[in-house]
Amino acid sequence: MLSRRTALAALAGAVGAATSGCAVTPPSAASGTQAPAAPTTAPGPTPTPTPTPIVDDRPRAPLTGLVVADAAALDHAAVAVKVSNVLSAHPQAGVNQADIVFVEPNGISYTRLCAVFHSRFPELVGPVRSIRPVDVPLLSPMRPVFGNTAAANWVMHYVAAHDKYLENLYSFKAGVHGTAAYYTMPHRARVHSVFCRPDELRKLARRMTAPPPVPYLPFATGDEQPSTASAGRDAAKVAIPWGPGDTWNTSYTWDEESGRYLRSEPWGRHVLLDGKRVTTDNVLVVRAKWRMDKIYAGGGAPDPVVSIINGQGTFFCLHGGRSVKGTWAKEAITDLFSFTLDDGSPLRIAPGRTFVDLPQIDAKVRITG
């Protein structure tokens, strides 16, 4: 056994060797055993690169959001046409070729359509009828050519006051009536006999010749998903009342086979002159306050005045058998609608054709799954 003095001497010798720069052979080396490797710090995980956002720069139709093969083919103005929608005006023509169709109040329990064409033009649209005041704020963001059979004197003055936003080529306008743009269909009641050839009407325009400057609706593009794909509820059918006390309903029913909504009028299926059912990819119900009134100088009876300028309300959006809801707002005549879902996120609408219904602010819209 080593004495305490011997142990201290051995320790002092080891310290001296270390401080003098002499190597001390570890026991493992002396015995021929390989010394363990010095510990190293393990490398951290490789940082995940930030994904590059997908930029969808494919040309799209501004009123449907659908991709088009040739953007130059849409380098022309949109054409809006007023279409009578009372029972005696049916069957209608051309509605299924419209990019957007507005369904507007036309007095108590009646509606009138404003069909807007840009992606394609049918041969005939009609029967053509008169303007309603809400057409001005609905159409002005598009800068369209406007086909109609005029209106009350005060409404015509109101439209003329905003003619830098739309070109009113009504059927009795000098230089328009009697051209190929309008056609009187024989064997129809006179009030429902005027039809329009929208492509011919477009060619007569002098001021409105450019396409809509921006997309009209907030379409989901690129890698975005429509709001109805990830939120909302089942929506096999929506019924929209136009008369007092939840009466005179129009409706849209989801059809799985065609992948579209089928439209019905209060008296039954909405069927056109060619025998085809009216369909749409999207249904957008914009509830807005309206009243019978006169809002501009000039003669004539009051018309429905829908309060969407500096207005707001609630909306429902349906696509693919699903629906979402939220609030809408619109400011000036030339401003677009903005749509915000109940969760605070912006609405994204699936590209396609859209019917926009404008019932009363408190209309009891019924959606069933």
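This passage walks through the spaces, charged pairs, surface features and backbone details of one predicted model.

A good place to start is the empty space inside the structure. Rolling a probe the size of a water molecule over the atoms shows where such space is left. The search of the whole structure turned up 1 cavity of 30 Å³ or more, and the volume of this largest cavity is about 40 Å³. Its lining is made by Asn85, Val86, Tyr110, Thr111, Trp242, Trp248, Thr250, Glu265, Pro266 and Trp267. Sorted by class, these lining residues comprise 6 nonpolar, 3 polar and 1 charged.

Some of these names return at the surface. Tyr110, Trp248 and Trp267, together with Leu87, make a nonpolar surface patch of about 390 Å². Tyr110, Trp248 and Trp267 are also among the residues that line the largest cavity. Trp248 belongs to strand E10, which covers residues 247-255. Trp248 counts as partly exposed because its relative accessibility is 34%, and the partly exposed class runs between 20% and 50%.

Open space was examined as well. The largest pocket holds about 380 Å³ of space. Its lining involves 22 residues, and those nearest the pocket centre are Gly94, Asn96, Gln97, Arg120 and Arg353. The lining of this pocket divides into 8 nonpolar, 6 polar and 8 charged residues.

Charged residues also meet each other elsewhere in the model. Side chains of opposite charge can pair when their charged atoms come close. In the whole structure, 13 salt bridges were found. One of them joins Glu104 and Lys82, whose closest N and O atoms are 2.7 Å apart. Glu104 sits in strand E2 (residues 100-105) and Lys82 in strand E1 (residues 79-84), so this pair ties together parts that are 22 residues apart in sequence. Are these two residues buried or exposed? Glu104 counts as buried, because its relative accessibility is 0%. Lys82 is likewise buried, with a relative accessibility of 0%. The pair does not stand alone, since Lys82, Glu104 and Asp135 are linked in a network of salt bridges.

A second salt bridge brings together the side chains of Arg348 and Glu224, with an N to O distance of 3.2 Å. Arg348 is placed in the loop between strand E19 (338-341) and strand E20 (354-357), while Glu224 is placed in the loop between helix H5 (198-204) and helix H6 (227-230), so the bridge ties together parts that are 124 residues apart in sequence. Arg348 is partly exposed, at a relative accessible area of 25%, and Glu224 is partly exposed, at 33%.

A further salt bridge is formed by the side chains of Asp281 and Arg260, at 3.4 Å from N to O. Asp281 lies in the loop between strand E13 (279-280) and strand E14 (282-286), and Arg260 lies in strand E11 (residues 260-265), so parts that are 21 residues apart in sequence are tied together by this pair. Asp281 is buried, having a relative accessible area of 15%, whereas Arg260 is partly exposed, having one of 35%.

Helix H5 offers another example of residues brought together from separate places in the chain. Leu204 is located in this helix and is partly exposed, with a relative accessible area of 25%. Leu204 and Leu169 are 35 residues apart along the chain, and their C-alpha atoms are separated by 8.3 Å.

The backbone has a few points to look out for too. Most residues other than glycine have a negative phi, and most peptide bonds are trans. Against that background, which peptide bonds are cis? One runs from His90 to Pro91, with omega near 5 degrees, and Pro91 lies in the loop between E1 and E2. Another cis peptide bond joins Gly126 and Pro127, with omega about 5 degrees. Pro127 is found in the loop between strand E3 (111-117) and helix H3 (135-139).

Positive phi values appear at Arg143, where phi is near 55 degrees, and at Asp246, where phi is near 60 degrees. Arg143 is placed in the loop between H3 and strand E4 (145-147) and is partly exposed, with a relative accessible area of 27%. Asp246 is placed in the loop between strand E9 (237-243) and E10, and Asp246 counts as partly exposed at 31% relative accessibility.

How values were computed: Residues are numbered from 1 along each chain as its sequence is written. This is a predicted model: local features need pLDDT of at least 70, side-chain atom pairs count only at pLDDT 80 or more; totals for chains, interfaces and linings use all residues. Side-chain values use heavy atoms; hydrogens and water are left out. Patches are made of residues with over 30% relative accessible area and no salt bridge: like charges are joined within 9 Å, nonpolar side chains (Val, Leu, Ile, Met, Phe, Trp, Tyr) within 5 Å. Accessible areas come from the Shrake-Rupley method with a 1.4 Å probe; for residues, only the protein chains shown count as cover. A salt bridge is a side-chain nitrogen of Lys or Arg within 4 Å of a carboxyl oxygen of Asp or Glu. Helices (H or I, at least four residues) and strands (E, at least two) are DSSP runs, numbered from the N terminus. Buried means under 20% relative accessible area, exposed over 50%, partly exposed in between (1.4 Å probe, protein chains only). On a 1 Å grid over the protein atoms alone, a cavity is a set of points where a 1.4 Å probe fits but cannot get out, and a pocket is an open set with protein on both sides within 12 Å along at least five of seven lines; lining residues have an atom within 4 Å of a point. Grid points are joined across faces, edges and corners, and a volume is the space filled by probe spheres set on the points. Ala, Val, Leu, Ile, Met, Phe, Trp, Tyr, Cys and Pro count as nonpolar, Asp, Glu, Lys and Arg as charged, and the others, Gly among them, as polar.
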